[in-house]
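Trainee: Please put the model up, and we can go through its side chains one topic at a time.

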Amino acid sequence: MLDYHDALLPFVDRVNVMPGRKMYASRTILFHTQAGSLLPLAIELSLPGRKRVFTPGNDASSYWLWQLAKAHVSSNDAGFHQLVNHWLRSHAVVEPYVIATKRQLSSMHPLFTFLQPHFRYTPEINASARQLLVNADGVIENCFTPGPVSLEISSAAYSSLWRFDQESLPNDLIRRGMAVEDANEPHGIRLVLKDYPYASDGLLLWDAIKTWVNEYVSLYYKDAKSVQDDAELQAWWEEIRTVGHADKKGESWWPTITTPEDLKGVLTTIVWVVSGFHAAVNFGQYAYGGYVPNRPCITRRLIPEDGTDEYLQFLQDPEKFFMSMLPNVQQATTTMSVVDTLSSHAPDEEYLGERARTNWTNDPAARDAFKRFSRQMDVIERVIADRNRDPFLKNRAGAGVLPYEILRPSSGPGKTSRGVPNSVSI
């Protein structure tokens, strides 16, 4: 089930009184076929106090109503993607990590050395986003259905959904019902959907990051006392929890950092979020959503009810009605140009397994561990390439299916739909 009901329903009435934008809170039921693909079966669209359910249908009218319902689901998905999965979970919540690192860790501290490439350009890109994208009357408010309530949706999701301990890839998959714990599996979890490209490729990166973090931390922290006595480290984590995320400082789910294992877990989650997770939600945006009629960022009309004048208009020319519900030309072209830019890599990008500075550390053991991490990125490249050639993986191979390359670590500059940078830099 693709469920945006609870996240969006409190805002529906406020959106629907605005001219030129109309929204439902949606739930979509999908069937997992024997081939491994997902087949949409039913869409529930809710307004406060009432709901409608749509199915693919067997006649022309119900077919077109199904297209209108899918457009509303796509609009929900596009808005939630930008405001929650992209802006909130991979940009906004990362800022406290960056600021605390600059404030609390000296430039000679091993964690400062470790984290520096993973925070490259993040404050700058977030500042640009606040000026152009998520600002009042910015791109998101003008081109996505939630409009002026957009940042309230993001804030509400932070309040009700975001937890640091569930931002690790395995825990996030378990939270969303896409995996279950299984000690017999290599990653400690078993995927509910075997052919789930984001999860299966992401777990390759997660394990490589975890191994690199474990090796690095083990060089400098031999026991619990060495962690607890590191005043800079403790001040760093204290600021992240109680200042950077002050609204949630009293939550019991925050990890403590009292042992090397605690520190390894925290660092692995941070590196995953700023690299693999951000890459997954950002660099495929143009490939998957650049054609606006297929993934409308805004819906401008509700679905007409039988017996109304609007329903007669719909029956007379369903294609015209469908187009009138989609973004206008300005909204569509603006969205296309923005996701084109967001999906592009800079010429000076640094990817997982790369460091532009060859003298980033004087510790030969740390350099050797990083070389092993770099070689693992090469292995992952080949594994993902092989998966994309596997005809039995229907969600990444076949006619009209985009090969899933988003989590292939390397990339050239420009819009490539692949590449995992070290940091949130675009």
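Trainee: Which residues touch the most other members of the largest nonpolar core?
Mentor: In this predicted model, a nonpolar core is a set of buried Ala, Val, Leu, Ile, Met, Phe, Trp, Tyr and Cys residues joined through side-chain atoms within 4.5 Å. Buried means under 20% relative accessible area, exposed over 50%, and partly exposed in between (1.4 Å probe, protein chains only). The largest core has 117 residues, and the members that touch the most others are Phe-164, Leu-173, Tyr-198, Trp-236 and Trp-272.

Trainee: Which residues count for local features, and at what pLDDT?
Mentor: Residues are numbered from 1 along each chain as its sequence is written, and side-chain values use heavy atoms, with hydrogens and water left out. Totals for chains, interfaces and linings use all residues, side-chain atom pairs count only at pLDDT 80 or more, and local features need a pLDDT of at least 70.

Trainee: Which residues does Trp-272 touch, not counting those up to four places away in sequence?
Mentor: Contact means heavy atoms within 4.5 Å. With sequence neighbours up to four places away left out, the residues touched by Trp-272 are Glu-167, Ser-168, Leu-169, Tyr-198, Gly-202, Leu-205, Trp-206, Ile-209 and Phe-277.

Trainee: How many aromatic pairs does a search of the whole structure find?
Mentor: Rings of Phe, Tyr and Trp (its six-membered ring) pair if their centres lie within 6.5 Å. Planes under 30 degrees apart count as stacked, over 60 as edge-to-face, and the rest as tilted. The search of the whole structure gives a total of 26.

Trainee: How many residues apart are Phe-114 and Tyr-216?
Mentor: Phe-114 and Tyr-216 make a tilted pair, 5.0 Å centre to centre with 35° between the planes. Helices (H or I, at least four residues) and strands (E, at least two) are DSSP runs, numbered from the N terminus. Phe-114 is in helix α4 (residues 110–115) and Tyr-216 in helix α9 (residues 197–220), so the pair links distant parts of the chain. Both residues are buried, and their separation in sequence is 102 residues.

Trainee: What is the angle between the planes of Phe-314 and Phe-321?
Mentor: Phe-314 is buried at 1% relative accessible area, and Phe-321 is buried at 3%. Their rings form an edge-to-face pair, 6.0 Å centre to centre, with an angle between the planes of 80°.

Trainee: Where around helix α15 do its buried residues lie?
Mentor: Helix α15 (residues 318–325) has Pro-318, Phe-321, Phe-322 and Met-325 buried. The arc is that of the directions from the helix axis to the C-beta atoms. It is only 100° here, so the four residues lie on the same side of α15.

Trainee: What covers the buried residues of α15?
Mentor: Phe-321 is one of these buried residues. The elements that cover them include α2 (60–90) and α14 (309–316).

Trainee: At what distance from the ring centre does the charged end of Arg-355 sit over Trp-360?
Mentor: A charge sits over a ring if NZ of Lys or CZ of Arg is within 6 Å of the ring centre and within 35 degrees of the ring normal. Lys-248 lies over the face of Tyr-158 in this way, at 5.1 Å from the ring centre. For Arg-355 over Trp-360 the distance is 3.9 Å.

Trainee: Which residues form one aromatic cluster with Tyr-158?
Mentor: Tyr-158 is the residue whose face has Lys-248 over it. The other cluster members are Tyr-97, Trp-162, Phe-164, Trp-236, Trp-237, Trp-253 and Trp-254.

Trainee: Which strands do Glu-44 and Arg-27 tie together?
Mentor: A salt bridge is a side-chain nitrogen of Lys or Arg within 4 Å of a carboxyl oxygen of Asp or Glu, and the whole structure has 31. In the bridge between Glu-44 and Arg-27 the closest N and O atoms are 2.8 Å apart. Because the two residues are in different elements, the bridge ties together parts 17 residues apart in sequence: β3 (residues 38–47) and β2 (residues 25–32).

Trainee: Which residues are linked with Arg-27 and Glu-44 in a network of salt bridges?
Mentor: Glu-44 is buried, at 15% relative accessible area. The network joins Arg-27 and Glu-44 with Asp-3, Asp-6 and Lys-51.

Trainee: Where in the chain does Arg-418 lie?
Mentor: Arg-418 forms a salt bridge with Glu-381, the closest N and O atoms being 2.7 Å apart. Glu-381 is in helix α17 (residues 364–388), 37 residues away, and Arg-418 is in the segment after β8 (414–415).
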